[in-house]
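Here's a quick walk through two parts of this protein, a pocket and a sheet. Keep the viewer open while you read.

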Amino acid sequence: MGKPTGFMEYQREDDHSIPEKERIKNFQEFHTPLNPEESRTQAARCMNCGVPMCQSALKLKGMVTGCPLHNLIPEWNDEIYHDHLPEALSRLLKTSNFPEFTGRVCPALCEKACICGLNESPVTVHNNELYLIENGFAQGLMRPRIPKVRSGKQIAVIGAGPSGLAVADQLNHRGHCVTVFERDDRIGGLLMYGIPNMKLDKKVIERRKKLMEKEGVIFKTNADIGNNVSASDILHDFDAVALCCGAKRPRPLSVAGADSTDGVHFAVDFLKSTTRSLLDEKLKKGTFISASGKHVVIIGGGDTGNDCVGTCIRHGCKSVTQLEMMPKPPADRLPSNPWPEWPKVLKTDYGQEEAISCFGQDPRVYETTVKELITKNGKLTAVKTVKVRFENRQLVEIPGTEQTIKCELLLIAAGFIGCQPYTAEAFGVKLSERGTVETPEHPYKTNIEKVFTAGDMHRGQSLVVWAITEGRACAREIDQYLMGYSNM
């Protein structure tokens with residue numbers, strides 16, 4: 001433990017943020033890191049608990065608190081405090097493949113379980129993790145680790161999202177030969193096209209790709225298994241296959257005309273069009289779904305909905321409203337939700353902060369959904385909303401609460417209902433009622449010989465950190481299958 005009294009002497013200090021009205025002028029990342037001395041001070045707050053809940057991934061009342069990767073958080077915080085950054089990075093990389101991703105987009109399950117947070121603010125684990133990996137790249141510590149011996153085994157990973165990348169990274173370092181097939185023009189999956197650039201700069205993904213290529217991983221983009229690439233050829237050419245295609249079937253809006261009205265889009269399509277245009281066309285007019293000058297309504301109060309809010313504001317929308325079917329969470333923990341459970345409290349994210357700054361009010365409207373689309377000549381002009389509540393686990397409308405809101409762009413960010421089935425069907429693997437791939441024999445092995453699965457395609461829509469966790473576990477199972485044992 002670096003400083004036994006650190007948690008009593010120092011207050012939490014987060015990375016700095018560019019003011020809202022400045023950062024909305026572009027799509028650049030807007031958090032600026034603390035300097036090295038400030039980071040050491042924050043690491044000194046780690047209490048080196050006898051039972052560090054931060055790395056536990058403990059499931060309480062159906063929700064997980066603590067890091068699913070079981071990161072050795074007290075150990076590398078101690079090394080940061082003593083300014084042993086190479087040693088700290090080594091401890092971090094022992095359990096985490098891509099800290100540069102989770103350090104940007106993870107909701108920090110570790111911090112929610114931090115014992116320091118029981119009475120004070122938790123340790124800045126999330127920021128410390130990002131500080132370590134970015135310093136590692138800056139100081140040349142992230143050098144290619146090329147296996148000295150190759151097994152000769154060939155593995156195909158289908159999907160280059162976080163779970164697929166984790167499978168590939170683990171098996172490549174084990175000495176197997178890995179080829180990653182990605183249907184899009186760039187790797188990353190939801191990291192690339194589901195998360196906006198201001199939250200995760202795409203240069204970070206490209207940097208990791210180059211490192212993995214130097215280590216021996218082969219990436220093949222625009223390779224859509226089940227369409228332009230044959231699944232039978234993959235099964236013939238490779239010793240094992242990992243299906244990591246994500247959960248990309250968006251939940252539809254059950255309102256008449258939602259699938260045919262001009263101005264209604266799924267959030268994933270909206271965000272993807274912006275990122276692709278930003279990278280290829282520098283947001284040239286007409287190359288993306290634009291919110292410029294429009295009244296926007298977003299259905300969904302989660303992270304994707306918040307990302308849509310921030311993106312619409314950067315487009316120059318006229319107004320933005322975010323609808324959430326659930327009640328507004330409390331500002332503080334209720335007695336029924338004690339630490340270390342996941343805190344079910346109100347969170348105001350960057351998009352909502354920007355909306356408050358630009359429009360003077362929180363964009364979120366709770367216990368509300370869209371009931372009807374109002375159009376003119378086939379184009380969306382407004383939506384009729386209605387208040388709702390849950391009765392006996394059923395969503396019911398509250399009579400007399402209808403309102404009409406101007407809306408030229410409606411974005412559906414209501415989550416996902418499983419994988420797009422065609423790739424799974426091409427391999428002949430079974431799907432569950434939830435639209436996920438079934439693994440009846442082992443945690444990650446499908447009903448088809450030598451075919452495995454991981455990530456959202458396996459567990460359903462979830463967090464990046466869970467995708468990486470599943471990818472690591474799936475890689476170990478594949479290694480066991482191929483070699484008869486595993487030292488991973």
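Which helix supplies the largest share of the lining of the second largest pocket? That would be H9, with four residues. Bear in mind as you look around that this is a predicted model.

## The second largest pocket

This pocket has a volume of about 590 Å³. Its lining is made up of 22 residues, and Leu93, Lys94, Arg145, Gln170 and His173 are the ones closest to the centre.

Several helices chip in: H5 (85-93), H9 (162-174), H11 (202-214) and H18 (464-483) each give at least two residues to the lining. As for chemistry, you'll find nine charged residues there, along with seven nonpolar and six polar ones.

## The five-stranded sheet

Now over to an open sheet of five strands, which line up in the order E9-E17-E10-E11-E12 with parallel pairing. E9 (264-266) and E12 (364-366) are the edge strands, each pairing on one side only. Going from one strand to the next, the twist averages 20°. In general, strands of a sheet pair through backbone hydrogen bonds, either parallel or antiparallel.

For a spot to zoom in on, try E11 (residues 319-324), which runs parallel to E12 and is joined to it by three bridges. Glu324 sits opposite Tyr366 of E12.

## A helix across the sheet

What lies across E9 and E17? It's helix H13 (residues 267-280), which runs at about 85° to E9. The other strand that H13 lies across, E17, covers residues 409-412.

Note on methods:
Residues numbered from 1 in each chain as written. Predicted model: local features only at pLDDT ≥ 70, side-chain atom pairs only at ≥ 80, totals over all residues. Heavy atoms only, no water. 1 Å grid on protein atoms, 1.4 Å probe; cavity = no way out; pocket = protein on both sides within 12 Å on 5 of 7 lines; lining within 4 Å. Points joined across faces, edges and corners; volume = space filled by probe spheres on them. Nonpolar A, V, L, I, M, F, W, Y, C, P; charged D, E, K, R; others polar. Pairing = 2+ DSSP bridges. Axes fitted to C-alpha atoms, helices over the stretch in contact; angles between N-to-C directions. Contact = heavy atoms within 4.5 Å.
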